[in-house]
Amino acid sequence: MNTRDLKRTVDIDYGTPAREVAAMVTLEIDGNSVTVPAGTSVMRASVEAGIPIPKLCATDMLEAFGSCRVCLVEIEGRKGYPASCTTPVEAGMKVRTQTPKLADIRRGMVELYISDHPLDCLTCAANGNCELQDVAGQVGLRDVRYGYQGENHLAAKKDESNPYFTYDPSKCIVCNRCVRACEETQGTFALTIDGRGFASRVAAGQNEAFMASECVSCGACVQACPTATLTEKTVIMMGQATRSETTTCAYCGVGCGFKAEMQGDKVVRMVPWKDGKANHGHSCVKGRFAWGYATHKDRILKPMIRQKITDPWREVSWEEAISHTAGEFRRIQQQHGRDSIGGITSSRCTNEETYLVQKLVRAAFGNNNVDTCARVCHSPTGYGLKQTLGESAGTQTFDSVMKADVIMVIGANPVAAHPVFASQMKRRLRQGAKLIVIDPRTTEMVRGAHYEADYHLKLKPGTNVAIVSALAHVIVTEGLVDEAFVATRCDAQSFSDWNAFVALPENSPEAMAAVTGVSAEAIRGAARLYASGGNAAIYYGLGVTEHAQGSTMVMGIANLAMATGNIGREGVGVNPLRGQNNVQGSCDMGSFPHELPGYRHISDKVTRDLFESAWGVTLNPEPGLRIPNMFEAALDGSFRALYVQGEDIVQSDPNTQHVAEALSAMECIVVQDLFLNETAKYAHVFLPGSSFLEKDGTFTNAERRTSRVRKVMPAKGGYADWEVTQLLANALGYPMNYAHPSEIMDEIARLTPTFHGVSFDKIDRLGSIQWPCNEHAPDGTPIMHVDEFVRGKGRFIITKYIATDEKVTQRYPLILTTGRILSQYNVGAQTRRTENVRWHSEDRLEIHPHDADERSIRDGDWVGIESRSGQTVLRATLTENVQPGVVYTTFHFPESGANVITTDNSDWATNCPEYKVTAVQVMPVTQPSEWQKQHQRFTQEQLELARVDS
Ligand code: SF4
Ligand code: SF4
Ligand code: SF4
Ligand code: FES
């Protein structure tokens, strides 16, 4: 396939966005009758009728601008030549798109553009994929009368500051598409057209280099640019792609669809998929640009084994690695009992892979010792939403936010962690929706380009439940309850108990002000706005779940939504923003020790019978060990071996030293991953993992949307992750014989009611499917709990605020809270191996200038942070984004050791760690902490041991 073939597979550009209105309008274009929704442009109607009109400044991702004058048409009864992109259709309109006069005008316009454009088409990176080139061909331009002697921009200097794309002003036609993309699609407003008339050119920020401006490198402008002015550096280096495959981003829980554009088995670029229902053709810097880790030289591509972690690694064949692992697991079970081993599934792997790991543990290991990293992020969501609404998942589509009148964001910073959804949310805010932010920090969500929170409840970390009770107090005592909704949809007794509880004076905003640090007036205002401002939607993140009362807070949020009738339709709902790409899926697939796929308790005999007969084994009815319990059991000697697929528990779990001690106490740790990560340094077997580009499968995003992941290159280590699990099962004597991941999905569908209607074929046909998808909802379920809650009646649960045990003291007077930033992802294993380090190359400690001053800390100083768990050293950033008494850091770099500081405290219901509240002291220091020195030594030793002998 050549570049022209690729272009035919590229989505049609209709020139202007679709209109979603019921009223239809019929007109005539070049003698053809066309019917389109009212408000559609003549250009779009024409393309829909199969009659493309030349265009330069229009694209269907953006509202029309009408500057290039290439798209002119004739309309019967109208004077002149209106631009088809800015002219809406009218009933009975008669349009002509092809006349000699139009051809003349268009040719003249394009000639003007070309007269100030380098004629280097053959050597240009966009050759074969340039709209200016295409339009010149369409209008029949054969020569340019004006020459290059006059003033022009041909020598304008390139801006190559961005690591992923180049800005070459000599090729700019000032169509404004990039500026509009940055405003409308991304919402950053980093670009302007600088200068006037002939002198005008695109400028980033205050006429700065892209890297010095507010640009967040989302790439929307690059995608919108019709010429080679803004071009991916990979395209400049490699040339145009020759084929493309649709797949799903492997980073965050937004689950953006992409077209992986390829030359053979090499990625040329990732282009956000216009038909992707989670992203509608947009992306962030991670998904679009930060895929280089997949071919990074640090990848380990051969299996390795060793007896002790002080031994050098030995490269072995897959056969030897698998039979050694199976032998070790069986030996340990014989010596220490069936329950002495377990497995951890990965939220970065596909549904099919996750399903196989939990099946391996339950069917081949013969126990339920399986857990997943959702334990440390959204396990309280699973618990809290199941208890109140009846289903462990968010209630909406992302698109639903466009119908919200009030948006409440609690403990989440989507601008950094869920950027594409944040862009959509910001679009709604620019349209006038109100915003309430509940967060101890002033994040980018509080204030940004053309939006500002109406209320920012800047609470003290650890006081979420006090806030939610105070909000509820206002709603019930000021008559703001949606009585009709509660009466018909909710459990009356639970409502009455809850109502009485939250109405108590001790839950009033006035009583809670001292606890939360938020004024009663702000709490009252926010509660009134949420309850009476129209459609109100709650979005929340790990700032809700990662607390001692994480599950309580999730239930408190569900209570608020039910009490105000804000659930069961578009524009409302309870929406957990999932961190990793497949957190929702890994939970759905039965990764928790107490639940089989579809959130059915292992003690339920009917469910067990179903799986026992399908799998041909007897299942243990008792829940297995959670991750923290595995560590405890390892330390007491009863848990000896662990299979970890695609997680780095040493870096991501709290109290690193405790985790390391537990791992050191085990006999056989098997790590399956792309890189020799922190956990692999304690491993005895290393099995090469495969990236999302190397396998088929599905991911399920935060909207319950299951989308295809498609293999675009062979597995670099020889096997996709699901194949490795299958090999291991077979070596353990439990047969697995799937020929393709679609067969695994077929089994999931047979055994899981919420997936009964899901298959690869159907996903291919529909693009993606939101579960539940079954006989009742054959095409999936965008909005949940529409007529009734999954559990029948919605259940209110009393949410009593109990202060965390993690108290500030004279010795530890500050509260440390943690979070993420845009350019890095989770433990950073992927993003640290890309140019994204140009934005963030180290974790820093944010501290309020007042606290810094008291400690003689200046911006950029090295500071020691000490908690009851441990010590580490980071550099300080002084900022008023954190309140006095609170410090903040990210956890993307292993050497920072943020989790050396965090403690073993956890959520009462699910053991989700209390990452967000750690009492610490901070002081200036001049050298790394003892832990860091030891970590450096250990890392060096392990790297030496990994210089393998075969
Ligand atoms: S990359 Fe994104 S943020 Fe940067 S200028 Fe382009 S559209 Fe704006
Ligand atoms: S950089 Fe590209 S999109 Fe922006 S104005 Fe120039 S040609 Fe148009
Ligand atoms: S928003 Fe999330 S899913 Fe989308 S491109 Fe960025 S990291 Fe990937
Ligand atoms: S495409 Fe219509 S004016 Fe440019």
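I began with ligand 3 in this predicted model. I sorted its shell by class and got nine nonpolar residues, two polar and one charged.

Next I looked up the names. Around ligand 3 I found the cysteines Cys249, Cys252, Cys256 and Cys284. Tyr251, Val254, Gly255 and Phe258 are also in this shell. So are Lys286, Gly287, Pro419 and Val420. I then asked which elements give two or more residues to the shell around ligand 3. They are α8 (285–289) and α13. The charged residue in the list is Lys286, because Lys counts as charged.

I moved on to ligand 1. Its shell includes Cys182, Cys215, Cys218 and Cys221. Phe165, Leu191 and Phe210 surround ligand 1 as well. I also noted Val216, Ser217, Gly219 and Ala220 there. By class, I have nine nonpolar residues, two polar and no charged ones around ligand 1.

Then I turned to the largest pocket. I noted a volume of about 1,600 Å³. Its lining has 44 residues. Which of them lie nearest the centre? I wrote down Ala18, Glu20, His280, Asp399 and Arg427.

I checked the elements behind this lining. α5 (177–186), α13 (419–430) and β30 (768–770) each supply at least two residues. α13 gives the most, with six. I had already met α13 in the shell around ligand 3.

Last, I sorted the pocket lining by class. I have 14 nonpolar, 13 polar and 17 charged residues for the largest pocket.

Key. Residues are numbered from 1 along each chain as its sequence is written. Chains are lettered from A and ligands numbered from 1 in the order in which they are written. This is a predicted model: local features need pLDDT of at least 70, side-chain atom pairs count only at pLDDT 80 or more; totals for chains, interfaces and linings use all residues. Side-chain values use heavy atoms; hydrogens and water are left out. A residue is near a molecule or strand if one of its heavy atoms lies within 4 Å of it. On a 1 Å grid over the protein atoms alone, a cavity is a set of points where a 1.4 Å probe fits but cannot get out, and a pocket is an open set with protein on both sides within 12 Å along at least five of seven lines; lining residues have an atom within 4 Å of a point. Grid points are joined across faces, edges and corners, and a volume is the space filled by probe spheres set on the points. Helices (H or I, at least four residues) and strands (E, at least two) are DSSP runs, numbered from the N terminus.
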